[in-house]
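Okay, thanks for making room for me this morning. I'd like to walk you through a structure that's probably new to most of you, so let's get it up on the screen.

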Amino acid sequence: MDEIISESFHTARKAHICENCTKPIEPGQRYRYRYGKVEGDLYTVKEHEECVAFCNRLIDEGYADDTYPYISDWPRTFDRYELPDDLWEARARIMGLHWPPLDERTARQRAWKRLKAWWRSL
Ligand SMILES: [Zn+2]
């Protein structure tokens with residue numbers, strides 16, 4: 001069971017790594033710092049504010065089970081979620097990818113390939 005001991009939001013003064021999407025939290029970006037205990041072990045986690053908001057939305061809309069839906073874990077659950085298009089767009093945006101509209105089929109296919117390559121690179 002995950003017990004949150006403290007949680008706070010900060011503006012980064014130096015670079016960190018977001019444990020959610022695994023991309024850098026650059027100086028000036030907002031992030032959440034969480035200190036907690038899971039199965040007796042203490043942990044600290046830093047995540048982009050945007051990644052936290054996105055995962056909270058997944059939970060709120062019923063797309064995540066009991067596990068916190070880390071973006072970097074998604075290859076494992078890739079086929080499980082049938083997310084609405086605006087959520088895919090939000091997901092791509094977090095990864096710094098442009099998400100073309102559905103009617104731009106070739107561009108959309110290219111974006112999919114980049115998304116899958118990004119996961120494979122983790
Ligand atoms: Zn992140």
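Let's start with T22, which sits in the loop between β2 (16-17) and β3. One thing to say right away: what you're looking at is a predicted model. So, back to T22. Its phi is positive, about 70 degrees, even though T22 isn't a glycine. Why mention that? Well, most residues other than glycine have a negative phi. As for its surroundings, T22 counts as partly exposed, because 15 other C-beta atoms lie within 10 Å.

Go a little further along and you reach E26, in the loop between β3 (24-25) and β4. Is E26 buried or exposed? Exposed, since it has 12 C-beta neighbours inside 10 Å, and the cut-off for exposed is 12 or fewer. E26 still has some company, though. If we ignore its neighbours within four places in sequence, E26 is in contact with A12 and A15. Take A12: 14 residues separate it from E26 in sequence, yet C-alpha to C-alpha they're 6.7 Å apart in space.

Okay, let's zoom out. How many helices and strands does the protein chain have? There are 3 helices and 5 strands. In sequence order the pattern goes β-β-β-β-β-α-α-α, so you can read the strands off and then the helices. The protein chain has 122 residues, and buried ones make up 11% of them. And if you take the contacts between residues at least 6 apart in sequence, 40% of those join residues at least 24 apart.

Now for the sheet. It's an open one, with 3 strands in the order β1-β4-β5 and antiparallel pairing. β1 and β5 are at the edges with a single partner strand each, so each of them has one side with no neighbour in the sheet. From one strand to the next, the twist averages 15 degrees.

Let's go through the pairs. Strand β1, residues 2-11, runs antiparallel to strand β4, residues 30-38, and 9 bridges join them. If you want a spot to look at, find E7, which stands opposite R34 in β4. On to the other pair: β4 with strand β5, residues 41-48, again antiparallel, over 8 bridges. Here V38 has D41 in β5 as its bridge partner, and K37 has L42 in β5. While you're looking at strands, here's a handy rule: in a regular strand the side chains alternate between the two faces of the sheet.

Where β4 turns into β5 you get a hairpin, with 2 residues between the strands. Which residue there takes a positive phi? That's E39, near 50 degrees. Like T22, which has a positive phi though it's not a glycine, E39 isn't a glycine either. E39 is exposed, because it has 7 other C-beta atoms within 10 Å.

Right, helices. Helix α1, residues 49-60, lies across β1, β4 and β5. Its direction makes an angle of about 100 degrees with β5.

And what does α1 pack with at an angle of about 160 degrees? Helix α2, residues 85-94, with the two axes 10 Å apart. An angle like that makes α1 roughly antiparallel to α2. The crossing of α1 past α2 is left-handed. If you want to see who's meeting whom, on the α1 side it's E50, C51 and F54, and on the α2 side it's A90, R91 and I94. Sorted by class, that contact has 4 nonpolar residues, 2 charged ones and no polar ones.

So, to pull it together: we've got an open sheet in the order β1-β4-β5, α1 lying across those strands, and α2 packing with α1. Then there are the loops, with T22 between β2 and β3, E26 between β3 and β4, and E39 between β4 and β5. That's my tour, so feel free to turn it around on the screen and have a look for yourselves.

Key
Residues are numbered from 1 along each chain as its sequence is written. This is a predicted model: local features need pLDDT of at least 70, side-chain atom pairs count only at pLDDT 80 or more; totals for chains, interfaces and linings use all residues. Two strands pair if DSSP finds at least two bridges between them. Helices (H or I, at least four residues) and strands (E, at least two) are DSSP runs, numbered from the N terminus. Axes are lines fitted to C-alpha atoms, for helices over the stretch in contact, and angles run from 0 to 180 degrees between N-to-C directions. Two residues are in contact if their C-beta atoms, placed from the backbone, lie within 7 Å. A residue is buried if 20 or more other C-beta atoms lie within 10 Å of its own, exposed if 12 or fewer, and partly exposed in between; C-beta atoms are placed from the backbone. Angles under 35 degrees count as roughly parallel, over 145 as roughly antiparallel, 65 to 115 as roughly perpendicular and the rest as oblique. A crossing is left-handed if the near helix is turned anticlockwise from the far one by less than a right angle, and right-handed if clockwise. Ala, Val, Leu, Ile, Met, Phe, Trp, Tyr, Cys and Pro count as nonpolar, Asp, Glu, Lys and Arg as charged, and the others, Gly among them, as polar.
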